[in-house]
Amino acid sequence: YLIQLIQTKKEEAEEDGYEFKFEDPFEEGDIEDFSDLGARDQVRVLCQLTDFRLECEDVYAKLKELDPEGLRVDPLGIDSDNVIYWYFFGTRLYKEVKPMKAKRPKKPKKDENLKERKDSEEIEEENIETEPRDPPGWYLVCSAESQWNDLVNKYKKSKKKQDKELYETLNDNFLPDIIKMFNEQEREEKLKLLMANKRSSSRLDRKRDAEEQAFMKRMEEEKRRELERVEEEARRKKREKENKEKSREVRAKQREQLGLRVGNDLDALMANRKRIRGDSIEMREEETIDSAMPRKRNPAMMEFQRLSSMEDDGENHAGRNLRF
């Protein structure tokens, strides 16, 4: 959204015909996330967003009843090294370091007493250091309670007027509230940690309950499957037993039917045998009777025998008339 907003403002400036002076760090560094920008680029982006907000139409209505002096942030104080301390909000304190100009120490007069000479020596010591400890620029001085306490103790030991005034400002006007803020932050962090532990424990409990439920469900499913397997095995054995009994009954019926059929066939065979034996006896009796009785000669056969004998004696019987 931030990249799209800056691009939209740039396009609107080109359409209206005025120069868009902001150099977009997202395009220059091919960066997509604000947190990936450097500190300077982040400040530049925030400053540009402030300008965008001040260009809106509702700004006058929102700011007309506010005192401009109340919107201006003044420095918290300045120490003897010309270091300016800035406090904006929260528990952080910044400092602005500026270079100092060297000051020549004043020479004491000959008629001054020893006390005045000591004062001049102190003044000379104050003006010996002409360069700041840090290079000119902005620095984060305090972000923890211990750093605030160290800064206050540092100026508490100083004998310089500006440092004493800065110490009074820090110690009386800021440090008590800052300590309260840190205590509040600590309580909030403890509460967050406690809530996180509760959420973690509750998540663990829920996870454990879910695992137990899943385990119980698996056990029930396994029991159900085992029961079904046992029932199926019992049904299979029962079917096998029934099939065996049916097969046994069928084989018994087949044997019974086979025995009846064999018995009937045997009876029929014995009856047929008796009939054949009886017929053979009758035939033998008839043959005996026939052999005992004289056979009548067939006239045709007799004539055939006569003719055969005549052929053998054909020459002797040539020309003989045949009687039929």
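## Surface patches, salt bridges and a buried loop residue

Leu 54, Leu 63, Leu 66 and Leu 71 together form a nonpolar patch on the surface, and their combined accessible area is about 360 Å². The model described here is predicted. Of the residues in this patch, Leu 71 belongs to helix α5, which covers residues 68-71. Leu 71 has a relative accessible area of 53% and is therefore exposed, because exposed means over 50%.

A second surface patch is negative in charge and consists of Glu 11, Glu 12, Glu 14, Glu 15 and Asp 16. Asp 16 lies in helix α1, which spans residues 2-16. With a relative accessibility of 58%, Asp 16 also counts as exposed.

### Salt bridges

Charged side chains also meet in pairs, and the structure holds 13 salt bridges. The table lists some of them, with the distance from nitrogen to oxygen.

| Residue pair | Distance (N to O) |
|---|---|
| Arg 53 and Asp 58 | 3.0 Å |
| Lys 190 and Glu 186 | 3.6 Å |
| Arg 224 and Glu 221 | 2.1 Å |

In the salt bridge between Arg 53 and Asp 58, Arg 53 is partly exposed at 38% relative accessibility. Its partner Asp 58 is likewise partly exposed, with a relative accessible area of 32%.

Lys 190 and Glu 186 are placed in helix α8, which runs over residues 161-292. The two residues are four positions apart in that helix, so about one helical turn separates them. Their side chains meet in a salt bridge at 3.6 Å. Lys 190 counts as exposed, at 53% relative accessibility, whereas Glu 186 is partly exposed, with a relative accessible area of 39%.

Helix α8 also contains Arg 224 and Glu 221, which are three residues apart, or about one turn of the helix. The side chains of this pair form a salt bridge with an N to O distance of 2.1 Å. Arg 224 is partly exposed at 38% relative accessibility, and Glu 221 is partly exposed with a relative accessible area of 26%. The pair belongs to a wider arrangement: salt bridges with shared partners join Glu 221, Arg 224, Arg 225 and Glu 228 into one network.

### A buried residue in a loop

Thr 91 occupies the loop between strands β2 (83-86) and β3 (93-97). Its relative accessible area is 9%, and Thr 91 is therefore buried, because buried means under 20%. Leaving aside residues up to four places away in sequence, Thr 91 touches Cys 142, Ser 143, Trp 148, Ile 178, Met 181, Phe 182 and Gln 185. Among these contacts, Trp 148 has a number that falls within helix α7 (residues 145-156), while Ile 178, Met 181, Phe 182 and Gln 185 have numbers that fall within helix α8 (residues 161-292).

### Helix α7 and a residue further along the chain

Ser 146 is placed in helix α7, made up of residues 145-156. At 45% relative accessibility, Ser 146 counts as partly exposed. Along the chain, Ser 146 and Ile 179 are 33 residues apart, and their C-alpha atoms are separated by 9.8 Å.

Methods: Residues numbered from 1 in each chain as written. Predicted model: local features only at pLDDT ≥ 70, side-chain atom pairs only at ≥ 80, totals over all residues. Heavy atoms only, no water. Patch = residues over 30% accessible without salt bridge, like charges linked within 9 Å, V, L, I, M, F, W, Y side chains within 5 Å. Areas by Shrake-Rupley, 256 points an atom, 1.4 Å probe, with all protein chains shown as cover. Salt bridge = Lys/Arg side-chain N within 4 Å of Asp/Glu carboxyl O. Lys, Arg positive; Asp, Glu negative; His and termini not counted. Charge placed at Lys NZ, Arg CZ, Asp CG, Glu CD. Buried < 20%, exposed > 50% of the residue type's maximum accessible area, 1.4 Å probe, protein only. Contact = heavy atoms within 4.5 Å.
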